[in-house]
Amino acid sequence: MKEALKLAEAAYAVDEVPIGCVIVYKGKIIGAGHNLRNTRKNTLYHAEIIAIDAASRHIGDWRLENCTIHVTIEPCPMCAGAILQARIPRLVYGAASPKAGAVGSIINLLENPAFNHQVEVATGVLEAECSAIVSKFFQTSRARL
């Protein structure tokens with residue numbers, strides 16, 4: 001999660017919502033990303049999507065079945081769906097996202113028995129740090145208005 005936080009800080013530095021993500025396979029980071037929606041002018045450039053793309057390229061397959069994804073903030077519906085589609089078995093995230101979270105805050109896509117794949121979820125890892133950087137970003141953004 002510390003590496004994901006570094007990526008969140010990199011997002012913050014380029015005025016992006018500071019969310020970072022890493023994907024770990026056999027103890028090694030094989031995919032990483034931070035939000036780039038504003039930079040790339042593209043809705044799809046969330047930290048998780050970028051990291052999943054990098055990890056899939058590294059492994060050479062769309063299935064990331066033996067990986068763990070670490071994200072600073074609870075994934076949104078799009079990213080939770082991508083985690084399901086990539087068959088990632090475990091998610092670790094730092095802080096909840098009460099307005100957009102799809103892993104328990106609003107809905108829980110990852111542990112829904114209706115899907116053919118469920119994801120083990122661990123929450124609250126470095127929660128204070130993960131929450132603080134997002135809060136600081138939005139406070140600073142509102143102050144500029």
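Contact here means heavy atoms within 4.5 Å, and helices (H or I, at least four residues) and strands (E, at least two) are DSSP runs, numbered from the N terminus. This is a predicted model, where local features need pLDDT of at least 70, side-chain atom pairs count only at pLDDT 80 or more, and totals for chains, interfaces and linings use all residues. Residues are numbered from 1 along each chain as its sequence is written, and side-chain values use heavy atoms, with hydrogens and water left out.

Let's start with H4. Its buried residues (under 20% relative accessible area, 1.4 Å probe, protein chains only) are Cys79, Ala80, Gly81, Ala82, Ile83 and Leu84. Their cover includes H3, S3 and S4. After H4 comes Arg87, with a positive phi near 60 degrees.

Now the core. The largest nonpolar core (buried Ala, Val, Leu, Ile, Met, Phe, Trp, Tyr and Cys residues joined through side-chain atoms within 4.5 Å) has 38 residues, and Ile23, Ile52, Ile69 and Leu91 touch the most other members. These elements each give two or more residues to it:

| Element | Residues |
|---|---|
| helix H1 | 2–13 |
| strand S1 | 20–25 |
| helix H3 | 47–59 |
| strand S3 | 67–73 |
| helix H4 | 77–85 |
| strand S4 | 90–95 |
| helix H5 | 127–144 |

Setting aside neighbours within four places in sequence, Ile69 contacts Cys21, Val22, Ile23, Glu48, Ile52, Ile83, Ile88, Arg90, Leu91 and Val92.

Finally, Asn35. This residue sits in the loop between strand S2 (28–34) and helix H2 (37–40), and counts as buried because its relative accessibility is 5%. A polar atom of the Asn35 side chain lies 2.9 Å from the backbone nitrogen of Ala47. Beyond four places in sequence, Asn35 also touches residues including Ala11, Val17 and Tyr45.

Note on methods:
Buried means under 20% relative accessible area, exposed over 50%, partly exposed in between (1.4 Å probe, protein chains only). A polar contact is a pair of N or O atoms within 3.5 Å; within protein, one must be able to donate a hydrogen and the other to accept it, and residues adjacent in sequence count only if both atoms are side-chain atoms.
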